[in-house]
Amino acid sequence: GGGIRGFVPTRKAAEAWAARTHRYATAMKFGKRLAAQAVPMWRSHYVRYAKLKRILKRLEHQQQQQRPSGNAGEKGNAQAQASATAKSPLLLEAGCNGAAPTGGGDATALSREFFEALQQDVDTASNFYEGMLAGTAAKASTVRQLPAEGTTKQLRECYETALKLQHFRELNATGFRKIMKK
């Protein structure tokens, strides 16, 4: 096997990274997993999962406060709706296209706040990922043009950054998917 100019990433480095990132995957909730696995220097670029979750909880609470109480037949229907909304608080507020709902009320303002925060997080994560990926690719390309001696360390750094970026992408994708399910 070759790799970039004869550089072969060590299996030990790849396995160590996998062990660090996957040991939390099954035993803890996503918010804690995100905090434990995020690259410390990149924290500000990850999905703000806890913040988005808090907005959703406030939205759910607001929706429960605004529900009218009715007779027994209506109450059963309201309970079924509340159960569906508890699983997805945006179910009644958001359209299929995921756009922020329009209209009056605190629930709409909270929905708008959620979608704006979500869009900001998507933009932040995407811009960071694309910038880092381009920078890492440029560095690897530059290193390949250098004489063979002394390039192993630089190529290993590029490889490790690429692994971290892959994990960054996977963690954010999971966070966005999970927050949209709520």
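This report walks through the fold, the core, the helix packing and a few single residues of the structure above.

**The overall picture**

Keep in mind from the start that this is a predicted model. The chain has 6 helices and 0 strands, so if you trace the pattern along the sequence you read α-α-α-α-α-α. Of its 182 residues, 30% are buried. Now take the contacts in the chain with a separation of 6 or more: 69% of them join residues 24 or more positions apart.

**The core**

A good place to start looking is the largest nonpolar core, which has 23 residues. Leu34, Trp42, Tyr46, Leu52, Phe114, Phe168 and Ile179 have the most contacts inside this core. Four helices each supply at least two of its residues: α2 (30–37), α3 (49–66), α5 (106–144) and α6 (151–181). The biggest giver is α5, with 7 residues. As general background, nonpolar side chains in soluble globular proteins tend to be buried together.

Leu34 is worth a click. Leaving aside residues up to four places away in sequence, Leu34 touches Arg43, Tyr46, Val47, Tyr49 and Leu171.

**Aromatic rings**

Searching the whole structure turns up 6 aromatic pairs. One of them is made by Phe30 and Tyr49, whose ring centres are 4.9 Å apart and whose planes meet at 75 degrees. That makes the pair edge-to-face, because an angle over 60 degrees counts as such. The two partners come from distant parts of the chain: Phe30 sits in helix α2 and Tyr49 in helix α3, 19 residues apart. Is Phe30 buried or exposed? Phe30 is buried, because its relative accessibility is 6%, under the 20% cut-off. Tyr49 is buried too, with a relative accessible area of 7%.

There is also an aromatic cluster to look for, formed by Trp42, Tyr46, Phe128 and Phe168.

**How the helices pack**

Two packings involve α3, one with α5 and one with α6. Here are the numbers for each.

| Helices | Angle between axes | Distance between axes |
|---|---|---|
| α3 and α5 | about 165 degrees | 9 Å |
| α3 and α6 | about 5 degrees | 10 Å |

What does the angle of about 165 degrees make of α3 and α5? They run roughly antiparallel, because the angle is over 145 degrees. As for handedness, α3 passes α5 in a left-handed crossing. On the α3 side, the contact uses Leu52, Ile55, Leu56, Arg58, Leu59, Gln62, Gln63 and Gln66. On the α5 side, Asp106, Ala107, Leu110, Ser111, Glu113, Phe114, Ala117, Leu118 and Asp121 take part.

With α6, the angle of about 5 degrees makes α3 roughly parallel, because it is under 35 degrees. Here α3 brings Tyr49, Leu52, Lys53 and Leu56 to the contact, while α6 brings Gly175, Lys178 and Ile179.

**A few residues to visit**

Asp121 is in helix α5. At 3% relative accessibility, Asp121 counts as buried. Its contacts, beyond residues up to four places away in sequence, are with Val47, Arg48, Leu52 and Phe176.

Ala50 belongs to helix α3. Is Ala50 buried or partly exposed? Its relative accessibility is 46%, so Ala50 counts as partly exposed. If you jump 125 residues along the chain from Ala50, you land on Gly175, and the C-alpha atoms of these two are separated by 9.9 Å.

Over in helix α6 you find Thr174. Its relative accessible area is 12%, so Thr174 is buried. Which residues does Thr174 touch, not counting those up to four places away in sequence? They are Phe30 and Arg33. Thr174 and Leu34 are 140 residues apart along the chain, yet their C-alpha atoms are separated by 9.5 Å.

Thr151 lies in helix α6 and counts as buried at 4% relative accessibility. Setting aside residues up to four places away in sequence, Thr151 touches Val143 and Leu146.

Terms used:
Residues numbered from 1 in each chain as written. Predicted model: local features only at pLDDT ≥ 70, side-chain atom pairs only at ≥ 80, totals over all residues. Heavy atoms only, no water. Core = buried A, V, L, I, M, F, W, Y, C linked by side-chain atoms within 4.5 Å. Buried < 20%, exposed > 50% of the residue type's maximum accessible area, 1.4 Å probe, protein only. Contact = heavy atoms within 4.5 Å. Phe/Tyr/Trp six-rings, centres within 6.5 Å; stacked < 30°, edge-to-face > 60°. Axes fitted to C-alpha atoms, helices over the stretch in contact; angles between N-to-C directions. Parallel < 35°, antiparallel > 145°, perpendicular 65-115°, else oblique. Left-handed = near helix turned anticlockwise from the far one by under 90°.
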